Amino acid sequence: MISGLKASSPVMTSYAALGAACGVVLFDAGFSLGEIFLMSLLVYAGAAQFLAASLVVLGASTASIILMVFFLNLRHLLMGVSLSGFLKKQSLGYLGLFSHTLTDESFGINYSRFRDGKWTPREALLISLFNYASWVSSTVAGGLIGSQFPIDTLIMSYALIAMFLCMMVMQFVSKAHVAAALVSGIATIILTIWLQHNIALVLGAVIASFAGYLLDENSPDLKGSE
Amino acid sequence: MPDRPLILIMGMALVTFIPRFIPLLLFSKLEVSPAIRRWLTFVPVSVFAALIASDIFFWQGEFSLNPVLNLSLFPSALVLLTALKTRSLLWSMTVGVTVMALLSVI
């Protein structure tokens, strides 16, 4: 219990800050405190919740917000695939709770510990639950703050872009991955200008993921060695 | 204001839970081909880059590479440098929000 708290404290601290910012932005987008609580409890995905707030402000439809959240969450597929090897023989209930509380950060902590051995599924779940508690309580606190003080959300919502930039950089594990990011950016810009539709984003990302894969496969120079 | 907040929250919960749960459910029993596994490593970086590009290179709906007209370019460059150096979400967001706040004061 104590060791779990120790291992998760850096993430819990950053979740408290990010969660508060997210709560402010959600409240400003028009969600009530109860809805913020429910969203953090049931969705529990920081990037998705920030994205939902900014899309609601832009007047996007419910269906298109859900679709964008889905694409944003596709990255979790990979985390599940990577962790699955360490979680064989776990019950359905365990897998359900563990996957609900799987985030970029809890994946980061747990994956490296599992890989180094000396880590049990129980400890992994405990860490995830601590982070979860921190996120849910801090988003509600953020909503409360937002309801009491006027805060410029144009600036706060820029926090989302900063978050995505950092999450992109964390994925730069080889030159081919950096190349995929460049292809994705350029393809998305060209397609957005050409199609004048949000679907450009999805197309750009799909094209770039295959481009990255092919670059990785074909050119030995681009193979990541660092 | 969200149109139907409860439907939105339920929908978001569903599309968040499925990609988290399915691989754990399936692949704790099955093996994934290395090719698919490798392709999957390119999905997140591509999704983030697309989200970022569609936001920072367009200012009020217009494509712009001019940092004087497009106010998100300069903060984004600083955030990118911060992220490359620290790889910390908290630092990146602090730098981004602070620079954006300073720019909006000027």
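# Buried, bridged or unpaired: terms set against their cut-offs

Mentor: A:Ser84 lies in helix 5 (residues 75-84) of chain A, where a helix is a DSSP run of H or I of at least four residues, a strand is a run of E of at least two, and both are numbered from the N terminus. This is a predicted model, in which local features need pLDDT of at least 70, side-chain atom pairs count only at pLDDT 80 or more, and totals for chains, interfaces and linings use all residues. Residues are numbered from 1 along each chain as its sequence is written, chains are lettered from A and ligands numbered from 1 in the order written, and side-chain values use heavy atoms, with hydrogens and water left out.

Trainee: Why is A:Ser84 called buried?

Mentor: Its relative accessible area is 2%. Buried means under 20%, exposed over 50% and partly exposed in between, with a 1.4 Å probe and protein chains only. A:Ser84 therefore counts as buried.

Trainee: What does the side chain of A:Ser84 reach?

Mentor: The backbone oxygen of A:Val81, at 2.7 Å. A polar contact is a pair of N or O atoms within 3.5 Å; within protein, one must be able to donate a hydrogen and the other to accept it, and residues adjacent in sequence count only if both atoms are side-chain atoms.

Trainee: What makes helix 5 of chain A largely enclosed by the rest of the structure?

Mentor: In that helix, 9 of the 10 residues are buried, so the description applies. Among them are A:Arg75, A:His76, A:Val81 and A:Ser84.

Trainee: Where does A:Val81 appear in the interface of the chains?

Mentor: First the totals: 82 residues of chain A are in contact with 68 residues of chain B, contact being heavy atoms within 4.5 Å. The two chains bury about 7100 Å² between them, 79% of it on carbon and sulfur atoms. On the chain A side, A:Val81, A:Tyr158 and A:Tyr213 lose the most area to chain B, together 9% of what that side buries. Buried area here is the accessible area (1.4 Å probe) that two parts lose on being put together, summed over both.

Trainee: How do you know that A:Asp216 and B:Arg38 form a salt bridge?

Mentor: Their closest N and O atoms are 2.6 Å apart. The rule asks for a side-chain nitrogen of Lys or Arg within 4 Å of a carboxyl oxygen of Asp or Glu, so this pair qualifies. The structure holds 1 salt bridge over all chains. The pair crosses between chains, from helix 11 (residues 199-218) of chain A to helix 2 (residues 34-40) of chain B.

Trainee: Which class of accessibility does each partner fall in, A:Asp216 and B:Arg38?

Mentor: A:Asp216 has 9% and is buried. B:Arg38 has 27%, which counts as partly exposed.

Trainee: How many residue pairs are in polar contact between chain A and chain B?

Mentor: The count is 14, with both residues at pLDDT 80 or more. Helix 9 (residues 153-170) of chain A gives the most to the chain A side of this interface, with 13 residues.

Trainee: How do you know that there are 0 disulfides?

Mentor: A disulfide needs a pair of cysteine sulfur atoms within 2.5 Å. The cysteine sulfur closest to that of A:Cys22 is in A:Cys166, at 16 Å, which is too far for a bond. A:Cys22 is buried at 0%, and A:Cys166 is also buried at 0%.

Trainee: Why is A:Asn131 called buried?

Mentor: Its relative accessibility is 0%, so it falls in the buried class. A:Asn131 lies in helix 8 (residues 121-148) of chain A. Leaving aside neighbours within four places in sequence, its contacts include A:Ser8, A:Tyr15, A:Tyr44 and A:Ser106.

Trainee: What makes the phi of A:Lys118 worth a note?

Mentor: Phi is near 55 degrees, a positive value in a residue other than glycine. Most residues other than glycine have a negative phi. A:Lys118 lies in the loop between helix 7 (104-115) and helix 8 of chain A, and at 83% it counts as exposed. B:Arg87 also has phi near 55 degrees; it lies in the loop between helix 4 and helix 5 (89-105) of chain B and is partly exposed at 39%.

Trainee: Why is B:Leu69 called exposed?

Mentor: Its relative accessibility is 57%, so it belongs to the exposed class. B:Leu69 is in the loop between strand 2 (62-63) and helix 4 (73-86) of chain B. Beyond its neighbours within four places in sequence, B:Leu69 is in contact with B:Trp59 and B:Ser64. The C-alpha atoms of B:Leu69 and B:Trp59 are separated by 7.8 Å.
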